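Q: I am new to this structure and would like to learn how to read it. Could we go through it feature by feature?

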Amino acid sequence: MIGILLWKDPQRGARQRPVTLAERSILHMRFLCAEIVRGPRTAEAALGWRVSSAARRMRKLGVTRVVLPEGFASMAQLEKHGLRPVSTLSLRRRLAADWVRQALAERGVSPGGARVAVSAAQMTGELVRTVTELSLRHRYVLLDVPYGGEELCRRLRREYGVSLLLGPDREQLEGADALVLFDPRTELRRGDGVTLPLYDEAAPMGGVSLPPALEQQLPEGAGRGQLLSALLEGGVLRRSQLNA
C-alpha cells in the first residue's frame, strides 16, 4: 500500500492527536493516510517529531512510498525510516508530447514545421511511446539514442508512414525547437528552445487536470504529481483522463 501524508489544521479548544493514521480510499484505491497537525505556531522540532512518528508507524505497516504535501521539506525524517516519495517520472514521460505541443504553441511555433529532438541513454517502452506520439504530431522528429533507433524507425514508417532523423549531431540537438531529455545532457547549450528534463523530479510539472467528477475526490494539499502518478500506477486512473 502507498502512504499519503497530509497537514491538518489545529482546532481551537479541542484536544487533538498530533498524528493520526487511517486507511483512505481515493478513486477506489486504498492509501494509508497520515494526518499531521501543523499550525502557524507549531515549532519545527515538534513538527519534525510528528513527521518521524508518522513515518515510523507507516513503515511498520508495510509502507515504503508516500505521497507528500506540496513543498514538503522534511525528507530526512522519511528517509531515516525507509520511506521515499512516489516517483513522478513515468507520469512526466506520458505527458511529454502534450507539454511539447503546449510549449510550442505558446511560442507561436507551427507543429508541422517544428523540429523536436529526443535524447535518451537507452531504448525503453516509455521512450518508444513518447517518440511515437511526437512523430504523429510533428513532421521533424530527431532521435538521439545509442541503439534500437533503426528498428523503431522502420516500425514507425511501416505502421504510420512517418520517419525519424536518427543520430542528430550536437548542433542539431542544440538548435531544435523542443528538446526532450530522458537523461541529462549537460554538455548541450540551449538557446530559446523548449527543454523538457524528464529525468528531473524537481522540475515544474505545469497544470494537469482531471474531469470535474474526479477532481472533487482528490484530497486537498497532497502533492499533485505524486498523487496522480500513484493513481495512474494503480490502474484507477487512465492516461486519457489526464488533461495536460
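A: Gladly. Let's start with a term that helix packing needs: two residues are in contact when heavy atoms lie within 4.5 Å. Keep in mind that this is a predicted model.

Q: With that in hand, which residues of helix 4 meet which residues of helix 5?
A: On the helix 4 side they are Val128, Val131, Thr132, Ser135 and Leu136, and their partners in helix 5 are Leu152, Arg155, Leu156 and Tyr160. Sorted by class, the residues of this contact are 6 nonpolar, 2 polar and 1 charged.

Q: Is there a general idea that helps me look at such a list of helix positions?
A: An α-helix has 3.6 residues a turn, so residues three or four places apart point the same way. Try it on the helix 4 list, which includes Val128, Val131 and Ser135.

Q: What is the angle between helix 4 and helix 5, and how far apart are their axes?
A: Helix 4 covers residues 125-137 and helix 5 covers residues 149-160; they pack at about 45°, with axes 11 Å apart. Angles under 35 degrees count as roughly parallel and 65 to 115 as roughly perpendicular. The pair is therefore oblique. As for the hand of the crossing, helix 4 passes helix 5 in a right-handed way.

Q: How does helix 3 lie relative to helix 4?
A: Helix 3 spans residues 89-106, and its axis comes within 10 Å of that of helix 4, crossing at roughly 15°. That angle makes the two helices roughly parallel. This crossing is right-handed.

Q: Which residues make the contact of helix 3 with helix 4, and how do they divide by class?
A: Helix 3 brings Ser90, Arg93, Arg94, Ala96, Ala97, Asp98, Val100 and Arg101, while helix 4 offers Glu126, Arg129, Thr130, Glu133, Leu134 and Arg137. By class there are 4 nonpolar, 2 polar and 8 charged residues.

Q: Let me step back to the whole chain. How many helices and strands does it have?
A: The chain has 8 helices and 10 strands. Its C-alpha atoms fill a box of roughly 65 × 35 × 35 Å along the principal axes. Of its 244 residues, 43% count as buried. Among contacts with a separation of 6 or more, 64% join residues 24 or more positions apart.

Q: How do I read burial in a single helix, such as helix 8?
A: A residue counts as buried when its relative accessible area is under 20%. In helix 8, residues 224-233, 8 of the 10 residues are buried, so this helix is largely enclosed by the rest of the structure. The buried residues are Gly225, Gln226, Leu227, Leu228, Ser229, Ala230, Leu231 and Leu232.

Q: What do the buried residues of helix 8 pack against, and which residue with positive phi follows the helix?
A: They pack against strand 1, strand 2, strand 3, strand 4, strand 5 and helix 3. After helix 8 comes Gly235, with a positive phi near 85°.

Q: Which residues that are not glycine have a positive phi?
A: Look at Leu27, with a phi of about 55°, and His28, with a phi of about 70°. Leu27 sits in the loop between strand 2 (19-26) and strand 3 (29-37), and His28 lies in that loop too. Leu27 is buried at 7% relative accessible area, whereas His28 is exposed at 76%.

Q: How many aromatic pairs does the structure hold?
A: It holds 1 aromatic pair. The ring centres of Trp7 and Phe72 are 6.0 Å apart and their planes are at 25°, so the pair is stacked. Trp7 belongs to strand 1 and Phe72 to the loop between strand 4 and helix 2, so the pair ties together parts 65 residues apart in sequence. Trp7 is partly exposed at 24% relative accessible area, while Phe72 counts as buried at 14%.

Q: Where does Arg190 lie?
A: Arg190 is in the loop between strand 9 (178-181) and strand 10 (194-197). At 22% relative accessibility, Arg190 counts as partly exposed. Leaving aside neighbours within four places in sequence, its contacts include Glu174, Asp177 and Thr195.

Terms used
Residues are numbered from 1 along each chain as its sequence is written. This is a predicted model: local features need pLDDT of at least 70, side-chain atom pairs count only at pLDDT 80 or more; totals for chains, interfaces and linings use all residues. Side-chain values use heavy atoms; hydrogens and water are left out. Axes are lines fitted to C-alpha atoms, for helices over the stretch in contact, and angles run from 0 to 180 degrees between N-to-C directions. Helices (H or I, at least four residues) and strands (E, at least two) are DSSP runs, numbered from the N terminus. Angles under 35 degrees count as roughly parallel, over 145 as roughly antiparallel, 65 to 115 as roughly perpendicular and the rest as oblique. A crossing is left-handed if the near helix is turned anticlockwise from the far one by less than a right angle, and right-handed if clockwise. Ala, Val, Leu, Ile, Met, Phe, Trp, Tyr, Cys and Pro count as nonpolar, Asp, Glu, Lys and Arg as charged, and the others, Gly among them, as polar. Rings of Phe, Tyr and Trp (its six-membered ring) pair if their centres lie within 6.5 Å; planes under 30 degrees apart count as stacked, over 60 as edge-to-face and the rest as tilted. Buried means under 20% relative accessible area, exposed over 50%, partly exposed in between (1.4 Å probe, protein chains only).
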